[in-house]
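Let's take a friendly walk through a protein together. Have a look at the sequence and the 3D view before reading on.

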Amino acid sequence: MGEDRLILLVIFTLGVFVRNPLIVAAAGILLVLQALNVQILFRYMQTRGIEAGLILMLLAVLVPFATGRIRLVDVVAAFKSYTGVAGVIGGLLASSISAPGITLLKHRPEVIVGLVIGSVLGVVFLRGIPVGPLAAAGFAAFLLKLLGQY
C-alpha cells in the first residue's frame with residue numbers, strides 16, 4: 001500500500017472514530033477515486049475544488065433569499081440588532097482575513113500540508129468543522145504576517 005493511501009486511510013479511520021461524516025466522506029471519496037485511478041479528476045479538484053466548494057457554500061447561504069424566507073425587511077433588521085451587526089462584522093472579518101489565503105496557497109504551497117493536518121486535528125480533537133482550506137490559509141497568512149514571515 002502506498003503512503004498516499006495509508007494517509008487517507010488514517011484520516012478516514014479518524015473520521016469514523018470521532019464520528020465526523022464530512023471527513024469520512026471526503027477521505028472515502030478520494031480513496032475510491034484513487035482506486036479507480038482517475039488522475040484527471042484529482043487535477044480538476046485541485047485547481048477548481050476550492051471555487052466549486054465556495055460556490056456550493058454560497059448557494060446554501062443564499063437559498064433563504066431565493067425561497068423568500070429572508071426578505072428585504074429582514075436585511076434591514078440585520079443592521080438594527082446586536083446579533084445582526086455582529087453577523088455583518090463577523091462576515092467582514094472572516095472574508096477579509098481569509099482573502100490572503102488564496103495568495104498564500106499559490107505562492108507557498110508547502111503550507112497546504114500544515115493546513116490539512118491542522119484541519120483534521122481540529123475536527124478530530126477539538127470537535128471543529130472543516131470550514132475549508134481557504135479560511136485556514138487566511139488565518140495562516142495572518143499568523144505569518146504577525147511573525148514577519150510573509
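What percentage of the 150 residues in the protein is buried? Buried residues account for 21% of them. Keep in mind that you are looking at a predicted model.

Start with the overall build. The protein contains 8 helices and 0 strands, so read from the N terminus, its elements go α-α-α-α-α-α-α-α. Along the principal axes, the C-alpha atoms fill a box of roughly 60 × 45 × 30 Å. If you take the contacts between residues at least 6 apart in sequence, 53% of them join residues at least 24 apart.

Now turn to the surface. About 10900 Å² of the protein is exposed, and 73% of that area comes from carbon and sulfur atoms. Its side chains include 11 positive and 5 negative ones, with the centres of the two sets 9 Å apart.

What about the inside? In soluble globular proteins, nonpolar side chains tend to be buried together. Here, the largest nonpolar core consists of 8 residues: L104, L105, V111, L115, A137, A140, A141 and L144. Three helices each supply at least two residues of this core:

| Helix | Residue range |
|---|---|
| α6 | residues 100-107 |
| α7 | residues 111-126 |
| α8 | residues 133-146 |

The biggest contribution to this core, 4 residues, comes from α8. There is also a second, separate core of 7 residues, and I11, V18, I23 and V120 are among them.

Finally, find L144, a member of the largest core. Leaving aside residues up to four places away in sequence, L144 touches L104, Q149 and Y150.

Note on methods:
Residues are numbered from 1 along each chain as its sequence is written. This is a predicted model: local features need pLDDT of at least 70, side-chain atom pairs count only at pLDDT 80 or more; totals for chains, interfaces and linings use all residues. Side-chain values use heavy atoms; hydrogens and water are left out. Buried means under 20% relative accessible area, exposed over 50%, partly exposed in between (1.4 Å probe, protein chains only). Contact means heavy atoms within 4.5 Å. Accessible areas come from the Shrake-Rupley method with a 1.4 Å probe; for residues, only the protein chains shown count as cover. Lys and Arg count as positive and Asp and Glu as negative; His and the chain ends are not counted. The place of a charge is taken as NZ of Lys, CZ of Arg, CG of Asp or CD of Glu. A nonpolar core is a set of buried Ala, Val, Leu, Ile, Met, Phe, Trp, Tyr and Cys residues joined through side-chain atoms within 4.5 Å.
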